[in-house]
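Dear colleague,

Please find the structure for your study below. My notes on it follow directly after.

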2 protein chains.
Amino acid sequence: VPGENMIDFWFTAGSTYTYLSVMRIDSVESAAGVKFRWRPFDRRALGRNTPYPVGSSKIDYMWLDLKRRAAMYGIPINIPVPYPPKNTALVNQIALAGLEEGWGKDFVIAAYRRWFQFGEETGGDENVATSLREIGQDAQRVLNLVQGEHIQRLWVSETEQARGLGVFGSPTFAVDAELFWGDDHLEDAVSWHKHGRLVSAQD
Amino acid sequence: VPGENMIDFWFTAGSTYTYLSVMRIDSVESAAGVKFRWRPFDRRALGRNTPYPVGSSKIDYMWLDLKRRAAMYGIPINIPVPYPPKNTALVNQIALAGLEEGWGKDFVIAAYRRWFQFGEETGGDENVATSLREIGQDAQRVLNLVQGEHIQRLWVSETEQARGLGVFGSPTFAVDAELFWGDDHLEDAVSWHKHGRLVSAQD
């Protein structure tokens, strides 16, 4: 059964906080003995998705919060990054194709690194080309693959599955039907997976 | 110096997640040896505050998340509660008056209990009257006090102070200028207060 003993990691590679999850999920897997299944979806198809206005208190908070949380996890970060990214559908669709072929995670990590460490907007021509080159993939072949019917249909059906589960933001960790929204709830998903309940820091 | 060695607990008593903070902040104080200063503010004056539409994935998630987090903390909860509450300014202004006179926390806890355990909308006539009676306060005196110039001015000046700090949501825990938004980041605020950085669960 696909997904058995796995936590689904629903994400869009255009999400800021998802950077933290992408960078630390492997070490969570090792430490907790669980596996995550990476599942990109079309966040913008699932309702209102207003980026925080530049200069608002909420976006200022987001950058500072990302910075201090990255420091906690020892993840390099160079904020603010170009935001909001314009062509996140492309990054997610490449990820989807790559996850089928076995290089999807490497691509997502490479694209995030270029975005959050080197300031190259994710989904932009330079970021996409360089990220694919870094992981040894031919850009033209991948772009053809992504425009094909199979990936385009999968993109829609995966997004519909996310909608059916009640996913509304990225990252969302799904333990069967139980959803945990936000990188800061990754450990809660692991706790639910192992114990069927949340475990407080005091336990 | 007011606030020295204290964490400011900025809140509106109309916030759902703030229920968890209100119910567990005393035990966090005891366990961590820190003090919180309760500071109600006018959330609606600080920008867009659209309640989640009933029936949306996000509000469904909110109730389930509140329920499982309340279970983790051993806090009684009976969700969903009447939402969004209409007259939260009154509850916050009564809290402000009560915090000056020494019964503000008791009032906030009483009003939240009636809302989240007995389904009485906070700010509604029944909830306000019963909550004040429960804590031994005369409703007519308190309502006169709240309508007076002192509390009305304090309500505005406190809200302006929150705005100046960059507060945009409730609860927000402020360690000097460092903000932590959300009940799920209460422990982060304590960590910052003690260590000047975030400490991960693995540390």
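The notes below cover the two chains, a helix pair and the nonpolar cores.

This is a predicted model, in which local features need pLDDT of at least 70, side-chain atom pairs count only at pLDDT 80 or more, and totals for chains, interfaces and linings use all residues. Residues are numbered from 1 along each chain as its sequence is written, chains are lettered from A and ligands numbered from 1 in the order in which they are written, and side-chain values use heavy atoms, leaving out hydrogens and water.

A turn of 180° and a shift of 0.0 Å along the axis lay chain A on chain B with an RMSD of 0.0 Å (least squares on the C-alpha atoms of residues with pLDDT of at least 70 in both). The two copies are thus related as by a two-fold rotation axis. Of the interface residues of chain A, 100% are also interface residues in chain B, so the copies meet through the same surface.

In chain A, helices α3 (residues 88-101) and α4 (residues 104-116) pack at about 150°, their axes 7 Å apart. Helices here are DSSP runs (H or I, at least four residues), numbered from the N terminus; axes are lines fitted to C-alpha atoms over the stretch in contact, and angles run from 0 to 180 degrees between N-to-C directions. α3(A) is therefore roughly antiparallel to α4(A) (over 145 degrees). Among the residues in contact (heavy atoms within 4.5 Å) are A:I94 of α3(A) and A:F107 of α4(A).

B:F107 touches B:V91, B:I94 and B:L132, among others, not counting residues up to four places away in sequence.

Yours sincerely

Terms used. Helix = DSSP H or I, 4+ residues; strand = E, 2+ residues; numbered from the N terminus. Parallel < 35°, antiparallel > 145°, perpendicular 65-115°, else oblique.
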